[in-house]
Amino acid sequence: MTRPVPRASYASYDPTRHLLLTPEDHEAPARVARLRELGIGDAPLPAFDAFARKLARTTRAPYAMVNFIDEHRQYFAGLYTPGSDQAPVELGPAPPSAQPGRVMARDHGYCPHVIVRRKALVLEDVCDYPRFAGNPVVDEIGIRSYLGAPLIDRTGMALGTVCVVDLERRPWGREGLETIKSMAAELVEQIHRMERRQAEAEEG
C-alpha cells in the first residue's frame, strides 16, 4: 500500500514567490561611490542619450536605456523612446521630484538582475519565464521582451546596464546577445575616456 505524502511536505513551498523577488545587491554602496567619482547619476547626459538612440537603432527596438542603479532606484542617464524628440515618456513609478521618464523603482524591470548576475540577459518573451513574467513592468508598462548587458568598468565594478525593451515578442537570438555585449563594452570605453578627460581637466 502506498503511503500518502504528508501535506506539510509540499504545502509550505511556493515555487514562484522567491523567484519574483528583486535580487540582493551587495555592491550597491560601492557602486554609488564609484558613480559619484565619475559624475554619473544625478542628471541626464547628452552623450548617453545619444548612445541610447544608437542602441535603439542598432537593435531596432523602440526603447533603449543607459541605466545606473543604486540601493533604491534605477536612473536612466541615457534614454531613447519613440517620443524622445517630443514629450518625455514615463517608464514607471517615480518620486514627484524626479524628471519624467528618468527614474524607476529598483524592483521594476530586469536590469537589477543583470547587474547582480554580471551577465547579459536575453528575454525574447518575458512570459516564457515564471521568474520574470510577474515583474511589475509587464502589467504596468506592457513590456514583453528585454535585452540587456552590464557595464563593468576598469575597476571591476558593475556600474549599470545598457538595455532595450519592446512591447512585442522579439527573437533577439545570439546576434542580439552579441550586439548588446558589444555595445556595453563600447560604452564602458566611452566612460573611461570621460574619466580621463575629467582627470586631465582637474590637473590642468
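1. R102 sits in the loop that runs between strand 2 and strand 3, the latter covering residues 103-105. The model is a predicted one, and in it R102 has a relative accessibility of 8%, so this arginine counts as buried. Leaving out residues up to four places away in sequence, R102 touches P44, D49, Q74, Y75, F76, A77, G78 and L79. One of these neighbours, A77, also offers its backbone oxygen, which the side chain of R102 reaches at 3.4 Å.

2. D70 is likewise a loop residue, placed between strand 1 and strand 2. Its relative accessibility is 19%, and because the limit for a buried residue is under 20%, D70 counts as buried. The side chain of D70 reaches the backbone nitrogen of H72 at 2.8 Å, and a polar atom of that side chain lies 2.7 Å from the backbone nitrogen of R73. Beyond the residues up to four places away in sequence, D70 touches A28, V32 and R106.

3. Helix 3 spans residues 46-59, which makes 14 residues, and the distance from its first C-alpha to its last is 20 Å, close to the 20 Å expected at 1.5 Å a residue. Which residues of helix 3 are buried? They are F48, D49, F51, A52, L55, A56 and T59. When one looks down the axis of helix 3, these buried residues fall within an arc of 160 degrees, so they line one face of the helix. P46 and R57, on the other side of helix 3, are exposed.

4. It is worth asking what the buried residues of helix 3 pack against. Their partners are strand 1 (63-69), strand 2 (73-80), strand 6 (158-166) and helix 7 (173-203). D49, one of the buried residues of helix 3, is also among the residues that R102 touches, which links this point to the first.

5. R60 comes just after helix 3, in the loop between helix 3 and strand 1. Most residues other than glycine have a negative phi. R60, however, has a positive phi of about 60 degrees although it is not a glycine. Is R60 buried or exposed? With a relative accessible area of 73%, R60 is exposed.

6. R118 is another residue other than glycine with a positive phi, its value being near 60 degrees. R118 lies in the loop between helix 4 (111-117) and strand 4 (121-123). The relative accessibility of R118 is 32%, and so R118 counts as partly exposed.

7. R170 is found in the loop between strand 6 and helix 7. This arginine is buried, since its relative accessible area is 16%. Its side chain is joined to the side chain of D166 by a polar contact of 3.0 Å. Setting aside neighbours within four places in sequence, R170 is in contact with T59, R60, A61, E124 and S145. The C-alpha atoms of R170 and A61 are separated by 9.0 Å, although these two residues are 109 residues apart along the chain.

8. L147 belongs to strand 5, which covers residues 145-152. At 0% relative accessibility, L147 counts as buried. Apart from residues up to four places away in sequence, L147 touches L121, V122, V162, C163, V164, W172, G176, L177 and I180. L147 and T59 are 88 residues apart in sequence, while their C-alpha atoms are 9.5 Å apart in space.

9. The last point concerns empty space. Rolling a probe the size of a water molecule over the atoms shows where such space is left. How many cavities of 30 Å³ or more does the count give? The count comes to 1 cavity, and the largest cavity has a volume of about 130 Å³. It is lined by 16 residues, of which M65, F76, M104, I143 and V165 are the closest to its centre. Strand 1, strand 2 and strand 6 are the elements that give two or more residues to the lining of the largest cavity. Strand 1 gives the most, with 3 residues. These three strands are also among the elements against which the buried residues of helix 3 pack.

Key: Residues are numbered from 1 along each chain as its sequence is written. This is a predicted model: local features need pLDDT of at least 70, side-chain atom pairs count only at pLDDT 80 or more; totals for chains, interfaces and linings use all residues. Side-chain values use heavy atoms; hydrogens and water are left out. Helices (H or I, at least four residues) and strands (E, at least two) are DSSP runs, numbered from the N terminus. The expected span of a helix is 1.5 Å times one less than its number of residues. Buried means under 20% relative accessible area, exposed over 50%, partly exposed in between (1.4 Å probe, protein chains only). The arc is that of the directions from the helix axis to the C-beta atoms. Contact means heavy atoms within 4.5 Å. A polar contact is a pair of N or O atoms within 3.5 Å; within protein, one must be able to donate a hydrogen and the other to accept it, and residues adjacent in sequence count only if both atoms are side-chain atoms. On a 1 Å grid over the protein atoms alone, a cavity is a set of points where a 1.4 Å probe fits but cannot get out, and a pocket is an open set with protein on both sides within 12 Å along at least five of seven lines; lining residues have an atom within 4 Å of a point. Grid points are joined across faces, edges and corners, and a volume is the space filled by probe spheres set on the points.
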